[in-house]
Amino acid sequence: MTDTRLNLIGGEWKAGPAATPDINPSNTNDVVGEYAQAGVADLNAAVAAAKAAFPAWSRTTGQERYEILKKASDEVLARKEELGKLLSREEGKTLPEGIGEATRAGQILAFFAGECVRLGGEAI
């Protein structure tokens, strides 16, 4: 049996009250993974954690946000083949489609990283 993937709540990985298998649609005997479901208490804890994190996050600079998104982009693009295979298996799509989807996700992260440091508006 596969390990159950947990929910990240307030910086900690938490199990839920139940788990749901993710089945490969092109091979229903293939369980891609098992994922923890969140209960009402988990939902409330996640909302509280997000509210608690907001003040510090709202004070981050554009450069800090750029670095976070750029790091995520670099990781996705470096692992596009691996992620593409997982997407293909999970969604039942062709391998080129899965790799393309992973590549595009990395490119979108890179684009929005750039938006964090792009100066807009007018200076007088």
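Is E91 buried or exposed? I looked it up. E91 falls between the two: its relative accessible area is 35%, which makes E91 partly exposed. I note here that I am working from a predicted model.

**Entry 1: E91 and its partner**

I followed the side chain of E91 to K93. The two form a salt bridge, with 3.0 Å from N to O. I then checked the accessibility of K93. K93 has a relative accessible area of 26%, so K93 is partly exposed.

**Entry 2: the other salt bridges**

I searched the whole structure for salt bridges. The search gave eight.

I looked at D74 next. D74 bridges to K70, and their closest N and O atoms lie 2.6 Å apart. Why are D74 and K70 separated by about one helical turn? Both sit in helix α2, residues 62-78, and they are separated by about one turn because they are four residues apart there. I checked accessibility for the pair. D74 comes out at 38%, so I wrote D74 down as partly exposed. K70 comes out at 28%, so K70 is partly exposed as well.

Then I went to R118. R118 makes a salt bridge with E115, and the closest N and O atoms are 2.8 Å apart. The accessibility of R118 is 55%, over the 50% cut-off, so R118 is exposed. E115 stands at 29% and is partly exposed. I also noted a network: E75, R79 and E82 are joined by salt bridges that share partners.

**Entry 3: a charge without a salt bridge**

I wanted to know about D22. D22 belongs to strand β4. Which side chain of opposite charge is nearest to D22? I found R89, at 8.5 Å. D22 is buried and has no salt bridge. The cut-off for a salt bridge is 4 Å.

I listed the contacts of D22, leaving out neighbours within four places in sequence. They are D30, V31, V32, G33, Y35 and E90.

**Entry 4: the sheet**

I traced the sheet that holds β4. Three strands make up this open sheet, in the order β1-β5-β4, with mixed pairing. Why is one side of β1 and of β4 left without a neighbour in the sheet? Both stand at the edges, and each has a single partner strand, so one side of each has no neighbour there. β1 covers residues 4-5.

I took the two pairings in turn. β4 and β5 run antiparallel and are joined by five bridges. β5 covers residues 31-36. I checked who faces whom. I23 is opposite V31 in β5. T20 is opposite Y35 in β5.

β1 and β5 run parallel, and two bridges join them. R5 is opposite Y35 in β5. I put Y35 down twice, since T20 and R5 both stand opposite Y35. Strands of a sheet pair through backbone hydrogen bonds, either parallel or antiparallel.

**Entry 5: two alanines in a loop**

I moved to the loop between β3 and β4. A15 lies in this loop, with β3 at residues 12-14 and β4 at residues 19-23. A18 has its place in the loop between β3 and β4 too.

Is A15 buried or exposed? I found a relative accessible area of 53%, so A15 is exposed. A18 is at 34%, so A18 is partly exposed.

I listed contacts for each, again skipping neighbours within four places in sequence. A15 touches L6, A36 and D42. A18 touches Y35, A36 and Q37. A36 appears in the list for A15 and in the list for A18.

I also took two C-alpha distances. A15 and G39 are 24 residues apart in sequence and 9.8 Å apart in space. A18 and A38 are 20 residues apart along the chain, and 7.7 Å separates their C-alpha atoms.

**Entry 6: aromatic rings**

How many aromatic pairs are there? I counted one aromatic pair. F111 and F112 form this pair, and the geometry is edge-to-face. Their ring centres are 4.9 Å apart, with 90° between the planes. I checked the accessibility of both rings' residues. F111 is at 48%, so F111 is partly exposed. F112 is at 46%, so F112 is partly exposed.

Conventions
Residues numbered from 1 in each chain as written. Predicted model: local features only at pLDDT ≥ 70, side-chain atom pairs only at ≥ 80, totals over all residues. Heavy atoms only, no water. Buried < 20%, exposed > 50% of the residue type's maximum accessible area, 1.4 Å probe, protein only. Contact = heavy atoms within 4.5 Å. Phe/Tyr/Trp six-rings, centres within 6.5 Å; stacked < 30°, edge-to-face > 60°. Pairing = 2+ DSSP bridges. Lys, Arg positive; Asp, Glu negative; His and termini not counted.
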